[in-house]
Amino acid sequence: MNSPFRADRISAAKIMVVGCGALGNEVLKNLALMGAEHIWAVDFDRVESGNLSRSVLFSREDALKGRFKVDVVAERLAGMNPRIEINTVRGDVAFDVGLGLIRKMDVVIGCVDNRWARYCINRLCMRAGVPWVDGGISYLEGTVRVFVPGKNCYACQLGPEGLKDLARRIPCPEIIRRDEQAGKAPTSSIIASVTGAVQVQEALKLLHPELLEEGALTSLCGRMFCFEGEHMTTRVVELAAWDDDCPVHDRWEPVKETAVTAETTVGQALEMLGKELGAEKVTIHLSADCFVDRVIRKDNNASLTVMLPGRKVAERLGQDPDWRGFPFSALYQHEYREIDERFPYKSLTVGQLGIPEKEVLHVSTSSGEAYMEMQ
Ligand SMILES: [Zn+2]
């Protein structure tokens, strides 16, 4: 039997891989071997010696030099196939990947190890209308799920309790990330191989909608594949969930273009958006994170100017001896979630607010909502 996959379809597809750890390594390797030529890799982390026993693309030297994972995988993939165009985002999927970039993808593959990151990938993919394939691994167990906008959604599947639990933790992603990493489940190269291979196979199926339609292939969409290596059991369980009231899977459309870039100042951006939308007043909603100008201590009213996106505040507090280790509950954070003509720091750039390149801005005017894709 020949492969049902068309080589031209795979080589033309735009595929994003979020997370370049054990699973991400396997997924990227398989994409390269299967002939994918347009790949985006996203990760914020550096290679460490602990990664080497389960990551096929990393070397001892990469760990010694503490190189960024995305830089290393880009180099190794180019070595496997010089035709591969590999683009990298050295950052966090929660904040640093513009929705405009996700909108260009045919499929996104999630290789992350925590629920917060899955929630963020899901939110981006649902807004953009792009399917995504999730993988999860622990020592001898792997799971794969496929989420297709309009059919099933990771957030819907969590249910109201799960979402509430997650929402409580959203305000401080830096801390979540540290906690999740500290409690990281031990994994092995074997389970990463099995799971990553199934993820790539599911991603390639999504590139062939006509074969799915006629029944020549069946997608895992709406079900979960579970592999357990200890006693060699595999299961596929039903997992369809699409709740019409879910606030997380709102599709952002129609999307129009704006000339605003991450380098445009806030003042100029408000003016440009106003002209482009034919509106006198516009409000930009910061959808991923707030902007904080200062924090205030409740005990003595001392104030510290930070001028940073909310996610960076903890880092800033840690740098200042008077504020280091100060609990968040004892602070008042003065933040902006909406940017309009009253915003006092108009000479800051859009990027300094924490908005990534190619983001789609959620803008409201007196005549309604608009979604504006940055250059
Ligand atoms: Zn949902």
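## Two cavities and an open sheet

Tutor: Let's start inside this predicted model: the second largest cavity holds about 110 Å³ of space. Ala 94, Leu 124, Arg 127, Ala 288 and Glu 359 are the closest to its centre, out of 15 residues that line it.

Student: What makes a space like the second largest cavity a cavity and not a pocket?

Tutor: The test is escape: a 1.4 Å probe fits in a cavity but cannot get out, whereas a pocket is open. The search of the whole structure kept cavities of 30 Å³ or more and found two. At about 110 Å³, the second largest cavity is one of them.

Student: How do you know where the second largest cavity lies with respect to domain 1 and domain 2?

Tutor: Look at who lines it. Domain 1 (7–238) and domain 2 (255–373) both contribute residues to that lining, so the cavity lies between them. Helix α6 (residues 115–128) gives the most, with four residues. By type, the lining has 11 nonpolar residues, one polar and three charged.

Student: And which residues lie nearest the centre of the largest cavity?

Tutor: Those are Leu 286, Ser 287, Ala 288, Ile 355 and Glu 359, from a lining of 16 residues. This cavity contains about 130 Å³ of space. Strand β15 (residues 360–365) supplies the largest share of its lining, three residues. Nine of the lining residues are nonpolar, four polar and three charged.

Student: Now to the sheet. In what order do the eight strands come?

Tutor: The order is β3-β2-β1-β4-β5-β6-β7-β8, in an open sheet with mixed pairing.

Student: Why do β3 and β8 stand at the edges?

Tutor: Each has a single partner strand, so β3 (85–90) and β8 (233–238) both have one side without a neighbour in the sheet. From one strand to the next, the twist averages 15°.

Student: How do you know that β7 and β8 pair?

Tutor: Pairing needs at least two bridges. β7 (residues 223–228) and β8 share six, in the antiparallel sense, so they pass that cut-off. Within this pairing, Arg 223 stands opposite Glu 238 in β8.

Student: Which strands does helix α2 touch as it packs on the sheet?

Tutor: Helix α2 (residues 22–34) touches β1 (14–18), β2 (38–43), β4 (107–110) and β5 (132–138), and its direction makes about 160° with that of β1. Helix α4 (residues 69–80) also packs on the sheet, touching β2 and β3, with its direction at about 175° to that of β3.

How values were computed:
Residues are numbered from 1 along each chain as its sequence is written. This is a predicted model: local features need pLDDT of at least 70, side-chain atom pairs count only at pLDDT 80 or more; totals for chains, interfaces and linings use all residues. Side-chain values use heavy atoms; hydrogens and water are left out. Helices (H or I, at least four residues) and strands (E, at least two) are DSSP runs, numbered from the N terminus. Axes are lines fitted to C-alpha atoms, for helices over the stretch in contact, and angles run from 0 to 180 degrees between N-to-C directions. Contact means heavy atoms within 4.5 Å. On a 1 Å grid over the protein atoms alone, a cavity is a set of points where a 1.4 Å probe fits but cannot get out, and a pocket is an open set with protein on both sides within 12 Å along at least five of seven lines; lining residues have an atom within 4 Å of a point. Grid points are joined across faces, edges and corners, and a volume is the space filled by probe spheres set on the points. Ala, Val, Leu, Ile, Met, Phe, Trp, Tyr, Cys and Pro count as nonpolar, Asp, Glu, Lys and Arg as charged, and the others, Gly among them, as polar. Domain bounds come from an automatic or database domain assignment.
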